[in-house]
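Biologist: I'd like a close look at one part of this protein, and then a walk outward from there. Could you take me through it slowly, side chain by side chain?

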Amino acid sequence: NNFRLWLTSMPAKTFPVQVLQNGVKMTNEPPSGLRANLLRSYSVITDDVFKQSLKPEVFKPLLFGFCFFHAVVQDRRKFGPIGWNIAYGFTPEDLTVCKEQLMLFVNQYEAVPYKVLNFLGAKINYGGRVTDDKDKLLISCILKTYMCREAVVEKDTYRYSTSGMYYPPPAESVAEFIEFIRGFPLFPMPEAFGLHENCNITCAQDEASRLLSGMQSMVQLGGGGEGGMSAEDVQDEAAVSIQERLPKPFPLDVCETKFPTLYEESMNTVVKQECLRYNKLVWKMISTLKDFRKAIKGLIVMTGELEGLGKSLFVNEQPEMWIKVGPLSLKPLSSWYLDILARVEFFQEWYDLGKAPPVFWVSGIFFPQSFFTGAMQNYARKFNEEIDLLSYRHTMRDDVIDPKKELTVAPVNGVYIYGIFLEGCRWDSELHKLNDSKPKELFTDLPSLWFCPVRNREITLADYRCPCYKVVSRKGTLLTTGHSTNFVLYIELNTDIIQDKWIKAGVAAFLALRF
């Protein structure tokens, strides 16, 4: 008992419980909020640091910019996926390195190398932790706001955000900087991060969802349900309600006859692959629900998988067995099942039609990347083009209200699609461009789109390249095919505003929401 052992560890879910029970726990987490984060950054800075600079009038506003940037990239995590696709653990050491490099470049060079400072900060010091390519673009856009010539030349007239509250102050000492920082609000508005005010609602919803998920996980399955029903009765009732509405699997042999593999029609291959994927899900649901109902009556052994299925039915979550063979989705079980029925219905209509429909509900496609590749192949084979030289031109059909009724004839080249949602902004059908979201509208429907392949297409630099994902979590993993499990493709949307605004606002498109 004459020694003490000091252990340090990264956060881990599998940390030994006995060590936690027998030790004194200490954590070092970044402060919450811009003000607290800035105060912490300036608590380790002294006036001697300013004296070391040969150009204090340049060094001070840029150092404040780096500290503000450090606070912003850390505090954006509270907004969830719209803040960062992946939550990164930036540390005070990242800021320390940037501060030392800033001192070096300001002292040694006559003209401040802003491009170098932006590259080092966004690509190396902080960017070394960033793995997602969309986040890499985002962090570069954020740093450009604070590490620029205007911040030095315009001084306190330069503003970091639209509110005008945040700017590099004309302070001389650390005490003056701290006094200025103390005037910031305790809970900053999303505009300080370049986000829309609706992100406050998103942040509150995520916090409430985590709380309710924690409470739900503690529900004891042995308790009674509504009306005095036991947990087993509730599970059996849920299983019966799903069983009664289960769609019939597609007859794959008939599919092969109706949609033969043709060189000039790649969509036949797409529809057969989609029918097979949904068949696997339906077969899995039929067999597991049948076995679960038998197990709950004591006719067969209740395995761990079947028990997990019952728990999911009880708390309205997607069962793990179905997630493995089903499409990526964040919906609760009740909404997920209705979505599956709608998806199967879409392919049933395609099957009954005997050919590709004139307009496609892209949200119902299990693997949308193959659908877009198939449409590209059709064009390439039709005109004998190299597919590597083709890319999609995106034309917004905002004149169409009901695509299923109005778009009754397929385009000569390319495909019509609908069913995409937009977060972070909205499409203005009157102005035919992106516009700020309306208050309390977190997601909006994107009008129908015409995807038309074009050879050697020149990208319109003024357009915003909006990333499109399957679900709102945004992050995904790479498959062996090279495709992401979540990211689908970029959609180019017309805008007359600099793209950095939409990048910092986290604007993205989705094929499915959480509800």
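Where do R277 and E274 lie, and how many residues apart are they?

Modeller: Happy to, with one thing up front: this is a predicted model. Both R277 and E274 lie in helix α13, which covers residues 267–296. The two are three residues apart, about one turn of the helix. Their side chains form a salt bridge, with the closest N and O atoms 3.1 Å apart. The general idea is a simple one: side chains of opposite charge can pair when their charged atoms come close.

Now look at how the two partners sit. R277 has a relative accessibility of 22%, so it counts as partly exposed. E274 comes out at 0%, so that residue counts as buried. The cut-off for buried is under 20%, which helps in reading the R277 value.

That pair stays inside one helix, but let's move on to one that links separate parts of the chain. The side chains of E385 and R455 meet in a salt bridge, 2.7 Å from N to O. E385 lies in the loop between α17 (368–383) and β2 (390–397), while R455 is in strand β8 (residues 448–455), so this pair ties together parts that are 70 residues apart in sequence. Both ends are partly exposed: E385 has a relative accessibility of 25%, and R455 has a relative accessible area of 38%.

Next, try R474 and E423. They form a salt bridge too, the closest N and O atoms being 3.0 Å apart. R474 belongs to the loop between β9 (464–469) and β10 (487–493), and E423 to strand β4 (residues 420–423), so here the parts tied together are 51 residues apart in sequence. Both partners are buried, R474 at 5% relative accessibility and E423 with a relative accessible area of 6%. In case you want the tally, a search of the whole structure finds 17 salt bridges.

Keep E423 on screen for a moment, since that residue also helps line the largest cavity. The search turns up one cavity of 30 Å³ or more, and the largest cavity has a volume of about 60 Å³. Its lining brings together I82, H196, N198, C199, T202, E423, G424, S437, E441 and L442. By type, the lining divides into three nonpolar, five polar and two charged residues.

One of those lining residues, E441, brings us along to K440. K440 sits in the loop between β6 (433–435) and β7 (443–446). Its phi is near 70 degrees, a positive value in a residue other than glycine. That's worth a second look, because most residues other than glycine have a negative phi. K440 is exposed, with a relative accessible area of 71%.

There's another case of this kind back in the loop between α17 and β2, where N384 lies. Phi of N384 is near 55 degrees, again positive in a residue other than glycine. N384 is exposed, its relative accessible area being 71%. You've already met this loop, as E385 of the salt bridge with R455 lies there.

Now for the rings. The structure holds 44 aromatic pairs. Among them, F50 and F59 are edge-to-face, at 6.4 Å centre to centre with 70 degrees between the planes. F50 and F59 are both buried. Another pair is made by F346 and F347: their ring centres are 5.1 Å apart and their planes are at 70 degrees, so this pair is edge-to-face as well. F346 is buried, with a relative accessible area of 8%, and F347 counts as buried at 0% relative accessibility.

Charged side chains turn up beside rings too. R159 lies over the face of Y167, at 4.1 Å from the ring centre. K258 does likewise with Y351, where the distance to the ring centre is 4.2 Å.

Finally, zoom out to the chain as a whole. It has 19 helices and 11 strands, and helix α13, where we began, runs over residues 267–296. The C-alpha atoms fill a box of roughly 80 × 70 × 40 Å, taken along the principal axes. Of the 515 residues, 48% count as buried. E274, at 0% relative accessibility, is one that counts as buried, whereas its salt-bridge partner R277 counts as partly exposed.

How values were computed
Residues are numbered from 1 along each chain as its sequence is written. Side-chain values use heavy atoms; hydrogens and water are left out. A salt bridge is a side-chain nitrogen of Lys or Arg within 4 Å of a carboxyl oxygen of Asp or Glu. Helices (H or I, at least four residues) and strands (E, at least two) are DSSP runs, numbered from the N terminus. Buried means under 20% relative accessible area, exposed over 50%, partly exposed in between (1.4 Å probe, protein chains only). Rings of Phe, Tyr and Trp (its six-membered ring) pair if their centres lie within 6.5 Å; planes under 30 degrees apart count as stacked, over 60 as edge-to-face and the rest as tilted. A charge sits over a ring if NZ of Lys or CZ of Arg is within 6 Å of the ring centre and within 35 degrees of the ring normal. On a 1 Å grid over the protein atoms alone, a cavity is a set of points where a 1.4 Å probe fits but cannot get out, and a pocket is an open set with protein on both sides within 12 Å along at least five of seven lines; lining residues have an atom within 4 Å of a point. Grid points are joined across faces, edges and corners, and a volume is the space filled by probe spheres set on the points. Ala, Val, Leu, Ile, Met, Phe, Trp, Tyr, Cys and Pro count as nonpolar, Asp, Glu, Lys and Arg as charged, and the others, Gly among them, as polar.
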